[in-house]
Structure formats: C-alpha cells, structure tokens
Amino acid sequence: QRIAMLQLKKQDRTYAWVAVAMLLLIFAGCDNTPEIEPPRERSFLSVIHAFEGITSIDIDLESFGERKTVAEAVTFNNSWPQSGYASLLSEAGSGPQDTGVVIILKDWRSKDQISPARVLSLFPGGRTTVGIIDSFGRADLVQIQDDFETPESGRSNLRFMNLCHLFPAVD
C-alpha cells in the first residue's frame, strides 16, 4: 500500500511538470502576431546652419527606432545637403503631421546636444527647410514648408529667408 502511494505521488508530479510545460508552450506561441508597420512615404529636407555661436554642427536624424548621423561638421552659413534636399522615409499621411522623424543637433567638437530633439512635421512628397538659428544665445530650429508652385509663364519664384537674430525684420 505504501509503494502504491509513492508511485501515485510520483505520477502526480509528472503530470504537474507536463502541465507546466504545456502552459509555457501556449504562452510562447501567443506572441506570434506580426508587428504592423505604418505606411511610409518620401519627404525632402534641407537644413541651414545660421547659428554663429557654434562653428560646426553634426545632424542626427532618428526615424522608425533608428538613429543615424547624416551630416558631420556642417559649418556656419552652410547647409545639408549642400544643394537640393535629402530624401527621407516618413510616415504616410495626407497633410503636415508628426512623421516620426526627429532631428538632433550636436556640437561637432564636443558632440554635446545643442538644442532639444524636435519631431519634424513633414508633408509626404513635400519639401521642408529647417533653419538653425540663434535664440537668445541658444540654438533653436525654425521649420519652413517650401512652396514649389509653378510660376506663370515668364515669371519665377524667389525666396528670401531672414535667419539672423540681430535683424528680426529686414526690408
């Protein structure tokens, strides 16, 4: 009778381990749902360095969980890219939106961040210029949506940008 009791307890333990193993397999299989990624579209970005307080800057962009330095040692009065616009993947949408593209500016020498990280609002397919300006001795960003409407025949579009903190208004 005692041997039968010991065999029964051993059998109960085996069933308990089998039950635990089955629960672990069930829970491991529950997280097989694919992660849904938002649709992506191209946006275009140009960055102008107009903050005289720092000679050269690095530009980092963070998008879709990935951070990358896209430009190093952009000097005062220059831009990235040097001509035209950089093409970026951003979340798709119908108008200006927070696209998940974050711009981070760093001092080229010290690699210290010089302004708060900022989420850019971009138009899918649109062109945007970001100016790095002096705001009371600190770097700040000004975002401008570029207008590329075709002018009338015989005319042209011309854009002036005043990014100088010393002259808040110019004629």
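In the predicted model, Ile59 has contacts well beyond its sequence neighbours: with those within four places set aside, Ile59 is in contact with Val47, Lys68, Thr69, Val70, Ala71, Val74, Trp80, Ile103, Ile104 and Leu105. One of these partners, Trp80, shares with Ile59 the position of touching the most other members of the largest nonpolar core, which has 22 residues. Two or more residues of this core come from each of the strands E1 (40-49), E2 (56-63), E3 (66-75), E5 (86-91), E6 (97-107), E7 (118-122), E8 (127-135) and E9 (138-145).

Strand E2 is mostly covered, with seven of its eight residues buried. E2 pairs with E3 in the antiparallel sense, and seven bridges are found between the two strands. Within this pairing, Arg67 of E3 is the bridge partner of Glu62. The hairpin formed by E2 and E3 has two residues between the strands, and Phe64 in this hairpin adopts a positive phi near 55°.

Val102 is placed in strand E6. The residue counts as buried because its relative accessibility is 15%, and the cut-off for burial is under 20%. When neighbours within four places in sequence are left aside, the contacts of Val102 are Asp60, Leu61, Glu62, Ala117, Arg118 and Val119. A further relation across the chain involves Leu120: the C-alpha atoms of Val102 and Leu120 are separated by 6.0 Å, although the two residues are 18 apart along the chain.

Side chains of opposite charge can pair when their charged atoms come close. The structure holds five salt bridges. In one of them, Lys111 pairs with Asp58, and the closest N and O atoms are 2.5 Å apart. Lys111 lies in the loop between E6 and E7 whereas Asp58 belongs to strand E2, so this salt bridge ties together parts that are 53 residues apart in sequence. The two partners fall into separate accessibility classes: Lys111 is partly exposed at 40% relative accessibility, while Asp58 is buried, with a relative accessible area of 1%.

A salt bridge is also formed by the side chains of Asp140 and Arg118, with an N to O distance of 2.8 Å. This pair links distant parts of the chain, with Asp140 in strand E9 and Arg118 in strand E7, 22 residues apart. Asp140 counts as partly exposed because its relative accessible area is 25%, and Arg118 is likewise partly exposed, at 31%. Arg118 is also one of the contacts of Val102 listed above.

The side chains of Arg155 and Glu152 meet in another salt bridge, at 3.9 Å from N to O. Arg155 is exposed, with 61% relative accessibility, and Glu152 is exposed as well, at 59%. In addition, Asp60, Arg67 and Lys106 are joined into one network by salt bridges that share partners. Of these network residues, Arg67 has already been described as the bridge partner of Glu62, and Asp60 is among the contacts of Val102.

A nonpolar patch on the surface is formed by Leu166, Phe167 and Val170, which together have about 330 Å² of accessible area. Leu166 is found in the segment after E9. Leu166 counts as exposed because its relative accessibility is 57%, and the cut-off for exposure is over 50%.

Methods
Residues are numbered from 1 along each chain as its sequence is written. This is a predicted model: local features need pLDDT of at least 70, side-chain atom pairs count only at pLDDT 80 or more; totals for chains, interfaces and linings use all residues. Side-chain values use heavy atoms; hydrogens and water are left out. A nonpolar core is a set of buried Ala, Val, Leu, Ile, Met, Phe, Trp, Tyr and Cys residues joined through side-chain atoms within 4.5 Å. Buried means under 20% relative accessible area, exposed over 50%, partly exposed in between (1.4 Å probe, protein chains only). Helices (H or I, at least four residues) and strands (E, at least two) are DSSP runs, numbered from the N terminus. Contact means heavy atoms within 4.5 Å. Two strands pair if DSSP finds at least two bridges between them. Patches are made of residues with over 30% relative accessible area and no salt bridge: like charges are joined within 9 Å, nonpolar side chains (Val, Leu, Ile, Met, Phe, Trp, Tyr) within 5 Å. Accessible areas come from the Shrake-Rupley method with a 1.4 Å probe; for residues, only the protein chains shown count as cover. A salt bridge is a side-chain nitrogen of Lys or Arg within 4 Å of a carboxyl oxygen of Asp or Glu.
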